[in-house]
Amino acid sequence: GLCCARRLRRGDVVVEAIGRCLSEEEYEAVDQTEYVVSFDDETLERKRAAGDDVLYIDARQQGNMMRLANDSAQPNLKLLYWPPPQRGGLPRRAFLVATADVPAYAELTWSYGQHYPRPWLPGRGPGRGVGKARAMPPAVGVAEGVAEEAEGLRLHLSSSNATGYKGVYRLHGRFHVQHYVDGRCDGLGCFDTAVEAAV
């Protein structure tokens, strides 16, 4: 994971997506796309129509610490393209930017997007993802198979969290629970399954 030793303010630029720029053909030849960053579907279509060959940024060999930022459906960072559409032209750079004030040493996360496979979710096992990993806005809706109750307790569901549960995220094969109180992040433990963590 990735964290910052100082407090971040909303709008702070954390890191630029650095790596080898890939065309469509070069991207299709890549076997492992875990560290490939892209533009959203609409921007990709505009770039393709304009003949822009900077469609993907491959951070596998020439990347930076951005590769350490984990996926989350409750991220505290978002991908910002530069230049923005209102400035005209097509973006050729991407940055992770804080979406809210983030306390020092809190894990920094961003949504890998709707095309990221997330095989740990119910019904999304190996080979059942929705496509190659690309940076897109997160999908809406609670994942199929997410339990609404366990051990007689009603669970806090989240349509924007990749695990399906509020405050639960996956890290290094385990499911961690965190809770924010007055801007401070409290870790509440780690568990083998998302349901155990949500309880």
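On one side of helix H2 in this predicted model, the residues Glu42 and Ala49 are exposed, whereas Thr43, Leu44 and Lys47, which belong to the same helix, spanning residues 41-50, are buried. Seen down the axis of H2, these buried residues fall within an arc of 100°, and so they line one face of the helix. An α-helix has 3.6 residues a turn, so residues three or four places apart point the same way. Among the elements that cover the buried residues of H2 are E4, E5 and E7.

The two ends of this helix can be followed as well. At its start, a side-chain oxygen of Asp40 reaches to within 3.1 Å of the backbone nitrogen of Glu42, and just after H2 the residue Gly51 takes a positive phi of about 80°.

From the helix we can turn to the interior of the model. The largest nonpolar core has 30 residues, of which Met66, Leu79, Leu96, Leu108 and Trp110 touch the most other members. Strands that give two or more residues to this core include E4 (36-38), E5 (56-58) and E7 (77-82), along with E2 (13-16), E8 (93-98) and E9 (107-110). A second core, separate from this one, consists of seven residues, including Tyr165, Val177, Ala197 and Ala198.

A last stop is Ser23, which is found in the loop between strand E3 (20-22) and helix H1 (24-28). Is Ser23 buried or exposed? Because its relative accessible area is 14%, and buried means under 20%, Ser23 counts as buried. Its side chain makes a polar contact of 3.4 Å with the side chain of Glu25, and, leaving aside residues up to four places away in sequence, Ser23 touches Asp53, Leu55 and Tyr56.

Methods:
Residues numbered from 1 in each chain as written. Predicted model: local features only at pLDDT ≥ 70, side-chain atom pairs only at ≥ 80, totals over all residues. Heavy atoms only, no water. Core = buried A, V, L, I, M, F, W, Y, C linked by side-chain atoms within 4.5 Å. Buried < 20%, exposed > 50% of the residue type's maximum accessible area, 1.4 Å probe, protein only. Helix = DSSP H or I, 4+ residues; strand = E, 2+ residues; numbered from the N terminus. Arc of directions from axis to C-beta. Contact = heavy atoms within 4.5 Å. Polar contact = N/O pair within 3.5 Å; in protein donor to acceptor, adjacent residues only side chain to side chain.
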